[in-house]
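Subject: Handing over the complex

Hello,

Here is the structure I promised to pass on to you. Please have a look at it first, and then read on for my notes.

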Amino acid sequence: MFKKTMVALATLIVVTSLANADKLADIKSAGVINAGVKYDFKPFGFINEKGKVVGFDIDLLTYIAKDLGVKIKFQQVTSKTRIALVAGGQIDVVAASMTHKVKRDDTIDFTISYFFDGQSILAKKDSKAKKADDFKGKKVGVIQGATSGENFKKLVPKAKIVSFQEYPQAVMALKKGKIDAITTDLVWCMTQVNDSKGTLKVVGGVLSYEPYGMGMAENESNLRDAMNFAIQKSVKDGTYLKLYKKWFGKNPETLPELWP
Amino acid sequence: MSESLSGYFNRHKYIFWILNIVFIIIIFILFQKHFYPEANFAEALTADNIKFMLFGMEDELGGLVLTFVLAFISIILSFIIGSILGIARYSSIKIIKIPAVVYIELFRALPLIMVIFWVYFAIPIVGGAIFDMKFSLSALSSGIIAFTLFESAYIAEIVRAGLNSIDKGQFEAGKTLGMNILQIYIFIILPQVYRRMIPAILSQFVSLFKDTSLIYVISVVDFFRAATIINNRIYMSFEIFSFVAFIYFICAFTLSKLANKLEKTVEKQLHT
Amino acid sequence: MVWKKSRDIARTMAIKKQSFGFVTKGDIMGYEFDWSVLITYKHLLVDGFLMTLKLSIIGIVLAFIVGSIMGLLRINKNFFVAIFASYYIEFFRNIPLIVQIFFIYFTFDILEIFPFLETVGNKLNIENHNGFFSALFALIFYTSAYIAEILRGGIQSLPKGQMEASKTLGMTSIQSLYYIILPQAMKIVCGPITSQFINLIKNSSLAMTIGVAELTFQTQEINALTFRGFEAATAVTLLYLFLTLTTSLLMVIIDRYALIRTTSISIKGV
């Protein structure tokens with residue numbers, strides 16, 4: 001317990017050097033990379049029964065950290081806070097099922113896309129809706145800060161959008177009937193359907209194209225290169241395929257791009 | 001009849017407490033049966049879950065232990081800063097007094113969540129920009145800093161109230177003995193002020209203990225956050241949040257009763 | 001090592017010839033202040049401010065009523081009534097407000113239990129009924145517990161002779177409470193009650209955790225949309241300052257004009 005307190009106190013303030021210094025060099029000299037992941041988004045990042053944080057993003061980041069030769073330390077981010085935290089420097093990289101959007105490139109930089117998903121709708125089993133338009137005038141839950149909200153508003157302007165702070169609150173609201181559907185990425189919807197023992201279903205197919213990228217601070221090209229190479233290495237030596245099968249149960253349809 | 005009953009309970013306090021506990025348990029069971037018949041406590045409160053809520057994630061300080069550590073560290077730091085601020089607020093030198101007034105009024109008007117957001121998100125960006133240095137605060141340290149800044153405003157008010165209750169004659173007596181102002185404060189005034197302030201400071205500690213749950217918003221895994229993480233996985237909110245409320249109630253209630261006892265002892269000391 | 005770092009910093013600063021000062025639009029070495037986002041998104045700030053107002057005003061009024069009732073019940077001669085009130089007070093004082101909010105929000109469906117609240121919510125232009133009313137109830141329970149304690153302390157600090165004297169004059173308990181005890185008690189507790197009202201306004205910010213779109217929520221929203229958290233936080237800080245100062249001012253006015261004036265209240269032993 002004492003050791004834990006000391007370790008905790010020692011990780012209090014991180015002061016990095018002057019603004020011109022290179023983030024990758026900093027990380028390598030510190031020996032630890034601070035990674036932000038989600039703790040509540042199965043299967044990309046969540047906490048299992050033992051209290052450990054696991055998921056596809058976690059495994060991929062662990063591989064990258066090993067490739068860079070540093071240890072990894074995870075921190076929780078939410079859809080709302082992930083960009084602000086990496087732009088402010090509290091976190092070095094963030095892999096939190098974040099879609100690579102052009103608008104986000106203004107504030108942070110992205111790696112190559114490492115996962116390709118689409119947006120979909122999750123509704124209760126007995127919902128009569130068949131496609132997105134059926135939710136006109138109904139309450140649809142989104143998460144504050146995720147792209148799904150704006151996309152859905154553009155698609156179905158007459159739907160009533162209810163913002164939640166975190167995914168589990170949205171799921172509980174859906175289960176209790178306070179909202180009619182949740183719209184977010186397809187893989188999450190399908191995981192919820194698998195976990196829900198038949199009470200939920202996916203409606204409406206894929207509504208948009210969502211390539212995920214890992215985010216880091218603006219203008220850190222050494223770090224970005226290192227991470228891109230590490231992601232591609234994971235595809236080349238088969239780790240990516242293994243992890244994909246482990247967390248999603250099938251082979252990927254699109255792989256991250258490989259450079260010769 | 002009720003008067004003799006209260007007299008009886010005053011004399012036999014242990015029976016009172018045992019009956020209280022039994023009564024609370026009965027009411028809770030009735031409440032649960034009515035509102036939430038399908039509650040399943042065994043599944044929600046497994047040993048793993050309880051261990052996670054009390055101790056947090058592996059290799060890290062977390063859970064209920066972190067809540068206590070946070071409250072403790074923050075109250076000590078804000079005690080130091082608050083005392084300085086309180087003395088500054090009490091002094092009549094404008095240059096010292098005005099910044100203290102501004103600080104106290106500002107932090108008493110802001111909600112604690114806003115202070116946490118300021119410290120965690122805004123200050124590193126702007127501070128880094130001003131000093132051309134990228135520095136970042138970990139979530140834990142932002143929490144401690146935010147709590148300290150917030151509580152020191154309240155402690156400053158308590159110190160000021162304590163200073164107001166000290167007879168001005170004490171200052172004059174110190175001066176006639178040839179002490180400078182610093183010695184007067186350290187040896188004469190502050191010991192008396194602290195004796196009087198102990199109950200108020202202890203109640204601030206209890207209130208801070210409850211407010212540490214707010215560090216939820218910057219994703220530090222304290223007791224409340226750990227409970228919500230488990231809830232996010234298994235969706236059994238009634239069981240988990242009853243447990244959380246129960247633990248918080250026991251800790252806060254015990255702490256405030258201890259504070260009351262300490263206050264009574266100090267009162268006796270002051271008036272003998 | 002620290003000395004070396006600070007020497008490096010001083011050197012860089014000298015080379016770059018820093019200037020300190022906040023400009024309205026421009027940058028301080030990399031952070032561009034952009035205050036125009038406040039104007040583009042002012043509808044968010046206005047919505048948030050109104051929501052905080054709704055929570056605060058209804059909360060203050062109801063918390064005061066409930067708290068006063070509980071405070072009076074706490075000092076009732078009947079043992080069971082007093083114990084009931086003290087259960088209420090201790091229960092809602094010792095559980096953190098955020099835990100209460102979560103418990104009520106996730107366990108109960110407020111609109112099912114109190115259907116009339118749907119119409120109330122529609123009249124007030126609220127979208128998230130469940131969140132708003134869960135937060136409102138939690139705020140009322142929490143603050144009323146504190147107000148009850150304060151009122152109890154205020155009444156008990158009055159000399160016992162007051163109650164006895166009014167009884168000898170032939171007044172019933174309720175009459176003596178209404179004409180003699182409460183006016184004096186209100187005068188005594190006016191200050192602490194003002195603090196509790198201000199606490200309620202500040203605590204309304206916790207409603208953001210369940211999605212109620214009040215001021216603090218809007219800070220996050222603006223930050224998420226434009227990454228201009230600093231400007232948003234500054235605006236919201238000023239708005240909170242405005243709310244708390246207005247409340248203090250209102251209470252001072254009430255204190256001066258509405259409450260009775262007494263010259264010597266706490267003469268112990270008389």
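Below is what I found, going from overall confidence down to single residues.

Please keep in mind that this is a predicted model. The predictor gives the complex an ipTM of 0.85 and a pTM of 0.83.

**Chain C: confidence and make-up**

For chain C the mean pLDDT is 80, with 83% of its residues at 70 or more. Within that chain, helix 3 (residues 42-74) of chain C has the highest confidence, at a mean of 92, while strand 1 (residues 25-28) of chain C has the lowest, at 40. Two stretches of chain C deserve some caution. Residues 12-30 of chain C have a pLDDT below 50, and this stretch has 22 contacts in the model beyond near neighbours in sequence. Residues 263-267 of chain C are also below 50, with five contacts counted in that way. Where pLDDT is low, the predicted coordinates should not be read in detail.

Chain C has twelve helices and two strands. Their order from the N terminus is α-β-β-α-α-α-α-α-α-α-α-α-α-α. Of the 270 residues in chain C, 39% are buried. If you take the contacts in chain C between residues at least 6 apart in sequence, 74% of them join residues at least 24 apart.

One residue you can use to find your way around is Thr246(C), which sits in helix 12 (residues 229-257) of chain C. Is Thr246(C) buried or exposed? Thr246(C) counts as exposed, because it has 11 C-beta neighbours inside 10 Å. Its C-alpha atom is 9.9 Å from that of Ile198(C), although 48 residues separate the two along the chain.

**The nonpolar core**

The largest nonpolar core has 208 residues, and those touching the most other members are Val94(A), Val115(B), Ile116(B), Ile101(C) and Ala135(C). Helix 8 (residues 129-156) of chain C contributes the most to this core, with 17 residues. Leaving aside residues up to four places away in sequence, Ile116(B) touches Ser142(B), Gly143(B), Ala146(B), Leu214(B), Ile215(B), Val217(B) and Ile218(B).

**Domains in chains A and B**

Chain B is assigned domain 1 (1-37) and domain 2 (47-270). The C-alpha centres of these two domains of chain B are 34 Å apart.

Chain A is split into domain 1 (10-116 + 211-248) and domain 2 (117-209). Their C-alpha centres lie 27 Å apart. Domain 1 of chain A brings 15 residues to the contact and domain 2 of chain A brings 14 residues. On the domain 1 side, the elements giving two or more residues are strand 3 (40-41), strand 8 (108-124) and strand 13 (209-217) of chain A. The residues on that side comprise seven nonpolar, four polar and four charged.

**Strands in chain A**

Strand 2 (residues 32-37) of chain A is largely enclosed by the rest of the structure, because five of its six residues are buried. Strand 2 of chain A pairs in the parallel sense with strand 6 (residues 71-76) of chain A over six bridges, and Ile33(A) has Ile72(A) as its bridge partner there. Strand 2 of chain A also runs parallel to strand 7 (residues 93-94) of chain A, joined by two bridges. In that pairing, Gly36(A) is matched with Val94(A). You have already met Val94(A) among the residues that touch the most other members of the core.

Chain A also has an open sheet of three strands, in the order 3-4-5 with antiparallel pairing. Strand 3 and strand 5 (53-54) of chain A are its edge strands, each pairing on one side only. Strand 4 (residues 45-47) of chain A is joined to strand 5 of chain A by two bridges, and Phe46(A) has Val54(A) as a bridge partner.

**Two backbone angles to look at**

Most residues other than glycine have a negative phi, and most peptide bonds are trans. Ser97(A) has a positive phi, near 45°. Ser97(A) lies in the loop between strand 7 and strand 8 of chain A, and is buried, with 24 other C-beta atoms within 10 Å. Asn219(A) has a positive phi of about 65° and is not a glycine either. Asn219(A) is in the loop between strand 13 and helix 8 (221-236) of chain A, and is exposed, with 10 other C-beta atoms within 10 Å.

Happy exploring, and best wishes!

Technical notes. Residues numbered from 1 in each chain as written. Chains lettered and ligands numbered in written order. Predicted model: local features only at pLDDT ≥ 70, side-chain atom pairs only at ≥ 80, totals over all residues. Domains from an automatic or database assignment. Contact = placed C-beta atoms within 7 Å. Helix = DSSP H or I, 4+ residues; strand = E, 2+ residues; numbered from the N terminus. Nonpolar A, V, L, I, M, F, W, Y, C, P; charged D, E, K, R; others polar. Buried ≥ 20, exposed ≤ 12 C-beta atoms within 10 Å, placed from the backbone. Pairing = 2+ DSSP bridges. Core = buried A, V, L, I, M, F, W, Y, C linked by C-beta atoms within 7 Å. pLDDT = per-residue confidence, 0-100.
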